[in-house]
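I sat down with a fresh notebook page and three things to look up: a ligand shell, a helix and a core. Here is what I wrote down as I went.

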Amino acid sequence: ARDQARALASRPAVTRDGVTVEVGANVGSVDEARTAAANGADLAGLVRTEFLFLDRDRAPDADEQESVYLRIAEALGGRRITLRTLDAGSDKPLPYLPAPGEANPFLGVRGIRHSLAHRAMFAEQLRAIVRVARRTPVSIMFPMVTVVGELLEARRMLDEAIGGETPDGLLVGMMVEVPAAALRARDFVPYVDFFSIGTNDLTQYTLAAERGNADLRALTEGLDPAVEQLIRAVGEAAGERVVVSVCGELAAASAVVPRLLAAGVRELSVAPSLVPDVKQTVRDA
Ligand code: PEP
Ligand code: MG
């Protein structure tokens, strides 16, 4: 089965009843983008841009970001890349910003909250992403969105970075990884082209169980019914126009994939080496 999966890696993944599911890769470097291409990824469903911002003395400027994002797109042969804006916070501290000393970093100034608190840095990243989107297919998404106001403010800043004409093919979406956003998905629908469900954080916040805590693995490793219920709610809210994707680790679990598809998920994004197997799981579904 593994050999068959590899042989078909670059072919589309179509379910038995004829539904095409895009299978992308989560990448955190140019090298991982190369691995993703070699494994037949249909797109980069999640580019974790943090890798460019951590372990250095100052934030990368728009020129540097632009060139790295373009290299990722090139490594993928011009397939669509989903650039997630910086998902920093005191769980992933940046050496050049003062440490806020939060007692609960996962409940603190993370993701879009962090970007809206450091606007010059956010605007610089948006400028880089817009430039890249003028040259290659780009989706942009915002992490940790909790309320509609955050999405609207991020979109307003994106419009400012765009200036005049919107780049062809630019899609705008948000991660759904906070239960409040999943429960209120309908409110966000008018302002997005896609939802990308981050099951790592959605599970953590739904079950009040820290991701990565080995003692809580029994709670966090599978698809919990409460999380599944939230994913179904997002699928229902999304309707026909808004694409629902899953980019957390669960998207690679073969027992879980059919349940995600049943909930309306039409795109999966997984670690680059897992793309061929996940495509095969889709074909068997
Ligand atoms: C997630 O939360 O599921 C996700 C994909 O984002 P990250 O793992 O980078 O937090
Ligand atoms: Mg997350």
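Before assigning shell residues to elements, I noted the rule: helices are DSSP runs of H or I with at least four residues, strands are runs of E with at least two, and both are numbered from the N terminus. I also reminded myself that this is a predicted model.

**Entry 1: the ligand shell.** I listed what surrounds ligand 1 and found Leu46, Arg48, Asp87, Glu177, Gly198, Thr199, Asn200, Asp201, Cys247 and Gly248. Which elements each supply at least two residues of this shell? I got β3 (44-48) and α9 (199-207). The most comes from α9, with 3 residues. Sorting the shell by character, I counted 4 charged, 4 polar and 2 nonpolar residues.

**Entry 2: helix α13.** Next I turned to α13, residues 275-284, and asked how many of its residues are buried. The count is 7 of 10, so the rest of the structure largely encloses this helix. The buried ones are Val275, Pro276, Val278, Lys279, Gln280, Thr281 and Val282. Looking for what covers them, I found several elements, including the helices α1 (2-7), α2 (30-38) and α12 (257-262), and the strands β1 (13-14), β2 (20-27) and β9 (267-270).

**Entry 3: the core.** The largest nonpolar core holds 83 residues, and Ala44, Ile72, Phe195 and Val234 have the most contacts inside it. Helix α5 (residues 119-133) provides the largest share of this core, 8 residues. I then followed up Phe195: setting aside neighbours within four places in sequence, I found it in contact with Gly173, Met174, Val176, Ala185, Val234, Ala238, Val242 and Val244.

Notes. Residues numbered from 1 in each chain as written. Chains lettered and ligands numbered in written order. Predicted model: local features only at pLDDT ≥ 70, side-chain atom pairs only at ≥ 80, totals over all residues. Near = placed C-beta within 6 Å. Nonpolar A, V, L, I, M, F, W, Y, C, P; charged D, E, K, R; others polar. Buried ≥ 20, exposed ≤ 12 C-beta atoms within 10 Å, placed from the backbone. Contact = placed C-beta atoms within 7 Å. Core = buried A, V, L, I, M, F, W, Y, C linked by C-beta atoms within 7 Å.
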